[in-house]
Amino acid sequence: MTAAPAAQAAPGQMTHREILEALTGLLLAMFVAMLSSTVVSNALPAIVTDLDGSQTGYTWVVVATMLTMTATTPIWGKLADLFSKKLLVQVALVIYSLGSVVAALAPSMEVLIGARAFQGLGVGGLTALVQVVIASMVPPRDRGRYSGYIGAVFATATVSGPLIGGLVVDSALGWRGTFIIGIPVAAIAFVVLQKTLHLPTIKRDVKIDYDGATLIMGGISLLLIWVSLAGSSFGWVSTASAALVVGALVLIGAALWVESRVDEPVIPLRLFRDRTTALATLASVMIGVAMFGATVYLSQYFQLARGMSPTEAGLMSVAMVGGLLVSSILSGRVISATGLWKRWLVGGMVLVIAGIALLGTIDSTTSLVVVGAYMAITGVGLGATMQNLVLAVQNSTAPEDLGAASSVVAMFRSIGGSAGIAALGAVLAHQVTAKVTDGVAALVQSGKVSPEQVAEMQHSTGDIPDLAALPSPIRALYEASFGEAVGHLFLSAVPFAILAFVCILFIKEVPLRTTLGPTVAETELEAGSR
């Protein structure tokens, strides 16, 4: 059924075969973007231990990438509406690769975090641009199937990333090798896209909203810095908190003022007049908090609460990503066949809520089979939700705003994820610190641990320890404390998942279009006449 449209492709448009060829390079680029975080996840405990970091440092290795990725996503999306999409994807691949090299050579946590922030610039481009390019090639009705492919790549990267990362960490390459292995994939993606991606370049006057871009990046950055440092470096209610929050609000307010007055805004405010876009954006924030904020700490749970190696922790991720893989491909194909998508979003969020709530009951003694089952439920829900939420927005967006709209959804999901990772990481560190401090005092009082042993410990109670170097009673205490704290994180994420579910309920379902134009009939006719 897809061959006929290919043969009738209009001049300047790609045929079905060309789309499949270009899709290979795009999916490789998406794989690189996903791999940047998943391949490092199981290496983080070893990285922080080797570079003498802390739980805050652990959090910032993740947040630094997400911060720059989030802040620049709308800018990449806007650039995609103005410049060659192919060139922009290739530039993002180069930025990612340069950041990877610096991260691999990092001599300290500070340099590593800086390199991860630079790497995030490229990841932000890849995350936004791959969606935009596919949307430029494929009508919404057929895009469900391709969204399923994206979900499959996401699942593959999430499964293989921790596994590969765990094997690399346990090998002679060590944790530094985890930053190198994505570079060959990026190089292949660069070459494939150069040969296969041929999109028409729109010739028009270009006006870059530098003021708006700067204000947006500054406001988002201040907000995320506040969320990540409050509660550890300074109090939630303090002068520093007030300064960061007020500064963020002022910059965001100024950005809104600028965006409402320029000809080519980075984020066109008219997008939010559309009910689907507004609700999907809000849902994306909530999903980001629930998904990233909780699941990013599962690797720590398996290594620090269950005593697993990085490779073993990677194997445990198969449960969640297996569910994600199946549901993303299945939902994509069914949506392409029927044109109906809301039922998948609603059902997916029900499973996400159920899975996260069940994961909120785990501790250091929960059966791994049970933990795996809960992860699978969560994965099935996420697979039916994430890509299809973007699809719903693209279906109601005009071609000239496709890049901006797609990137806005990705940006707000990343904002929620960054805030969730930072805030829940602070909660995790606080809970573990409190439990271990009280527990160590009780062990000393009972005579199971001597004061000298406590004094010789090379880490503070809030830092990530080397479990093998701890006395047996303290190790058991730390594992129990960490396992219980991770369960509390998932419970904290449940309300955000419920809010996302409510937003999705109020989204009005519009059958997917079979053209690349917007929903307005006049604009479709105009697009068809070009």
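**Figure 1. Surroundings of Gly218 in helix H9 of the predicted model.** Gly218 is partly exposed, with a relative accessible area of 21%. This glycine belongs to helix H9, which comprises residues 210-229. In sequence, Gly218 and Ala71 are separated by 147 residues, yet their C-alpha atoms lie 8.0 Å apart in space.

**Figure 2. Asp81 in the loop between helices H4 and H5.** Helix H4 covers residues 55-80, and Asp81 is found in the loop between H4 and H5. Asp81 counts as buried, its relative accessibility being 9%. The view also includes Ala404, whose C-alpha is 7.4 Å from that of Asp81 although the two residues are 323 positions apart in sequence.

**Figure 3. Contacts of Gln90 in helix H5.** Gln90 is placed in helix H5, which runs over residues 85-104. With a relative accessibility of 6%, Gln90 counts as buried. When neighbours within four places in sequence are left aside, the contacts of Gln90 are Phe190, Leu193 and Gln194. One of these partners, Phe190, is found in helix H8.

**Figure 4. A nonpolar surface patch with contributions from helices H5 and H8.** Val94, Leu98, Phe118, Phe190 and Val191 make a nonpolar patch of about 400 Å² on the surface. Helix H5 and helix H8 (182-196) each supply at least two residues of this patch. Phe190, a member of the patch, lies in H8 and counts as partly exposed at 31% relative accessibility. Phe190 is also in contact with Gln90, a residue that counts as buried.

**Figure 5. Helix H6 along its length.** Helix H6 consists of 29 residues, numbered 109-137. From its first C-alpha to its last, H6 reaches 42 Å, close to the 42 Å expected at 1.5 Å a residue. The helix is mostly covered, as 23 of its 29 residues are buried.

**Figure 6. Salt bridge between Lys435 and Glu484.** The structure holds 2 salt bridges, and the view presents the one in which the side chains of Lys435 and Glu484 meet at 3.4 Å, N to O. The pair links distant parts of the chain: Lys435 is in helix H17 (residues 402-446), whereas Glu484 is in helix H19 (residues 472-505), 49 residues apart. Lys435 counts as partly exposed at 27% relative accessibility. Glu484 is likewise partly exposed, with a relative accessible area of 34%.

**Figure 7. Salt bridge between Arg475 and Glu479 within helix H19.** The side chains of Arg475 and Glu479 meet in a salt bridge with an N to O distance of 3.1 Å. Both residues lie in helix H19, 4 residues apart, which is about one turn of the helix. Arg475 has a relative accessibility of 29% and therefore counts as partly exposed. Glu479, at 17%, counts as buried, because buried means under 20% relative accessible area.

**Figure 8. Aromatic pair of Trp175 and Phe179.** A search of the whole structure finds 3 aromatic pairs. In the pair formed by Trp175 and Phe179, the rings are 6.2 Å apart, centre to centre, and the angle between the planes is 90°, an edge-to-face arrangement. Trp175 and Phe179 are both buried.

**Figure 9. Aromatic pair of Tyr478 and Phe482 in helix H19.** The ring centres of Tyr478 and Phe482 are 6.0 Å apart and the planes are at 25°, so the pair is stacked. Tyr478 and Phe482 are 4 residues apart in helix H19 and therefore separated by about one helical turn. Both residues are buried.

**Figure 10. Overall context for the close-up views.** The protein chain has 20 helices and 0 strands. Of its 530 residues, 58% are buried. Among contacts with a separation of 6 or more, 84% are between residues 24 or more positions apart. The chain exposes about 20700 Å², of which carbon and sulfur atoms supply 67%.

How values were computed: Residues numbered from 1 in each chain as written. Predicted model: local features only at pLDDT ≥ 70, side-chain atom pairs only at ≥ 80, totals over all residues. Heavy atoms only, no water. Salt bridge = Lys/Arg side-chain N within 4 Å of Asp/Glu carboxyl O. Buried < 20%, exposed > 50% of the residue type's maximum accessible area, 1.4 Å probe, protein only. Expected span 1.5 Å × (residues − 1). Contact = heavy atoms within 4.5 Å. Patch = residues over 30% accessible without salt bridge, like charges linked within 9 Å, V, L, I, M, F, W, Y side chains within 5 Å. Areas by Shrake-Rupley, 256 points an atom, 1.4 Å probe, with all protein chains shown as cover. Phe/Tyr/Trp six-rings, centres within 6.5 Å; stacked < 30°, edge-to-face > 60°.
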